[in-house]
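Here is a friendly walk through one chain, in questions and answers. Have a look at the fold first, and then we can go through it together.

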Amino acid sequence: MKVSDQLLNRITAGLVAVIIGFSSSIALIYQVVITLGGTPDLVASWILMLGLVMGTTSIGLSYYYKVPVLIAWSTTGAALLISSAQGYNLNEAIGAFMLSALLVFFSGVTGWFEKIMNRIPSELACAMLAGVLVTFGIDVFNFMNDMPLVIGLMVVMYFIGKRFFARFAMLSVLIIGVLLAWQMGHIDTSALHWKMSEFAYIEPAFHLQACISIGLPLYIVTMTSQNLPGIAVLKAHKYKAPISASLNVTGFVNMLSAPFGAYSINLAAITAAICMSDEADKNHDKRYWASIAAGVFYILMALCAATLVGLVASLPQALILALAGIALFGTIANSLQQALSRTEYTEAAIVTFLVTASNLTLLSVGSAFWGIIAGVLTLIITRKD
């Protein structure tokens, strides 16, 4: 493969990961800010800070460890905040964000989270990953109800690309999807205009009730629904995950940046899987460059946050989610294959997959955590040795 082809694949994977990560949850972050009494300009400030810290930490960790470590904001954390942050002001919420970040940092320093993860069989980690991602694959076909021609041709283009020009398959899908949506009038950019984003510092206020109601649930959700799948992605792709180091870095950086709107950052899972796919680079040991490319795009996104908030809002949500699902077809297949590769883990892996893929939520903790718990319990009960 030519050097130029390798570079283009890495850049494309990083770009697709950032577009999907940014667009899939920007509406949630917008609603969090409004719930706390903020303004649209404050939303742009939060995106500015989040993009900068995600970009710099992704680049730093990926380059240092030569592993595709992608950092993202907590999507489930944003969804949680929409309900749990009601009744509190911005200052109290910032204090709670800092507490959550401190707990993540503590988890890395003590190493307890890494010790637990190292004892979980890779088959269960792969099953959990497949359970997290499978709904994205299913949604590709669900969204054909909304945009049958656009998404249908995106799927066709993906398989044509895999057959004839595998290195550029996802780039082709991205281009044809946007062009078709544009031609069919699904993209409205009439309200777009250039505007620079500005930092907005918010003084933290450490309110006990806010820390308990916002900070602790945010920490639990970030660890179980974000960092846990993020580690599973790395393990499923045969990478030695720098678990404690990643928690140290994200926790510490999060504490410093929280007053500027970085409510929670963590290891990415779904978008990270895109940077670890064969499409990103055929060479397993060089795929970290795709995460570095994503980090660069995060920073560019941050600098253009005010404008991009409007640009992404103009793209059909169905197109963005379908793009995510198509990009993950290969990862879902590989995860299921690895999860079921050893007969002694088959039942535990299936239980892990089914629970994770469900909508189960107990004690405000999502299905990814309960999937691992259910799989481990199944393994303990059914193992004969």
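**Questions and answers on the predicted model**

Q: In which loop does Met-184 lie?
A: This is a predicted model. Met-184 is placed after one helix and before another: the loop runs between helix H8 (169-183) and helix H9 (208-236).

Q: Is Met-184 buried, partly exposed or exposed?
A: The relative accessible area of Met-184 is 41%. Buried would need under 20% and exposed over 50%. Met-184 therefore counts as partly exposed.

Q: Which residues make the nonpolar surface patch with Met-184, and what is its area?
A: Residues join such a patch when their relative accessible area is over 30% and they have no salt bridge. With Met-184, the patch is made by Leu-149, Leu-153, Val-156, Ile-160 and Phe-164. Its area is about 540 Å².

Q: How far does helix H2 reach from its first C-alpha to its last?
A: Helix H2 covers residues 40-65, which gives it 26 residues. At 1.5 Å a residue, the expected value is 38 Å. The model comes close to that, with a reach of 37 Å.

Q: Which residue follows H2, and what is its phi?
A: The residue after H2 is Lys-66, in the loop between H2 and strand S1 (71-73). Lys-66 is not a glycine, yet its phi is positive. The value is about 55°.

Q: Is Lys-66 buried, partly exposed or exposed?
A: Its relative accessibility is 38%. That value falls between the limits of 20% and 50%, so Lys-66 is partly exposed.

Q: Where is Lys-238 found, and what is its phi?
A: Lys-238 is found in the loop between H9 and helix H10 (243-257). With a relative accessible area of 57%, Lys-238 is exposed. Its phi is positive in a residue other than glycine, near 65°.

Q: Which residues is Leu-42 in contact with, leaving aside its neighbours within four places in sequence?
A: Leu-42 sits in helix H2 and is buried, with a relative accessible area of 10%. Its contacts beyond those neighbours are Val-33, Leu-90, Ala-200 and Ile-202.

Q: What separates the C-alpha atoms of Leu-42 and Ala-306?
A: Along the chain, Leu-42 and Ala-306 are 264 residues apart. In space, their C-alpha atoms are separated by 9.6 Å.

Q: Which residues have the most contacts inside the largest nonpolar core?
A: The largest nonpolar core has 124 residues. Phe-97 touches Leu-36, Trp-46, Leu-81, Ile-214, Leu-218, Ala-258 and Tyr-263, not counting residues up to four places away in sequence. The residues with the most contacts inside the core are Trp-46 and Phe-97.

Q: Which residues of helix H15 are buried, and what covers them?
A: The buried residues of H15 (residues 329-339) are Phe-329, Thr-331, Ile-332, Ser-335 and Ala-339. Their cover includes helix H6 (122-142), helix H7 (148-164), helix H11 (270-275), helix H14 (317-327) and helix H16 (346-357).

Q: How many salt bridges does the structure hold, and which residues are linked in a network?
A: The structure holds two salt bridges. Glu-123 pairs with Arg-342, the closest N and O atoms being 3.7 Å apart, and Glu-344 pairs with Arg-342 at 2.8 Å. The network therefore links Glu-123, Arg-342 and Glu-344.

Q: How many residues apart are Glu-123 and Arg-342?
A: The salt bridge between Glu-123 and Arg-342 has its closest N and O atoms 3.7 Å apart. This pair links distant parts of the chain, with Glu-123 in helix H6 and Arg-342 in the loop between H15 and H16. They are 219 residues apart.

Q: Which residue of the network is buried?
A: Arg-342 is partly exposed at 37% relative accessible area, and Glu-344 is partly exposed at 42%. A relative accessible area of 7% is under the 20% limit, so the buried residue is Glu-123.

Q: Which residues is Trp-112 in contact with, leaving aside its neighbours within four places in sequence?
A: Trp-112 lies in helix H5 (residues 112-118) and is partly exposed, with a relative accessible area of 36%. Its C-alpha is separated by 8.6 Å from that of Ser-244, 132 residues apart along the chain. Its contacts are Ser-107 and Tyr-219.

How values were computed
Residues are numbered from 1 along each chain as its sequence is written. This is a predicted model: local features need pLDDT of at least 70, side-chain atom pairs count only at pLDDT 80 or more; totals for chains, interfaces and linings use all residues. Side-chain values use heavy atoms; hydrogens and water are left out. Patches are made of residues with over 30% relative accessible area and no salt bridge: like charges are joined within 9 Å, nonpolar side chains (Val, Leu, Ile, Met, Phe, Trp, Tyr) within 5 Å. Accessible areas come from the Shrake-Rupley method with a 1.4 Å probe; for residues, only the protein chains shown count as cover. A salt bridge is a side-chain nitrogen of Lys or Arg within 4 Å of a carboxyl oxygen of Asp or Glu. Helices (H or I, at least four residues) and strands (E, at least two) are DSSP runs, numbered from the N terminus. Buried means under 20% relative accessible area, exposed over 50%, partly exposed in between (1.4 Å probe, protein chains only). The expected span of a helix is 1.5 Å times one less than its number of residues. Contact means heavy atoms within 4.5 Å. A nonpolar core is a set of buried Ala, Val, Leu, Ile, Met, Phe, Trp, Tyr and Cys residues joined through side-chain atoms within 4.5 Å.
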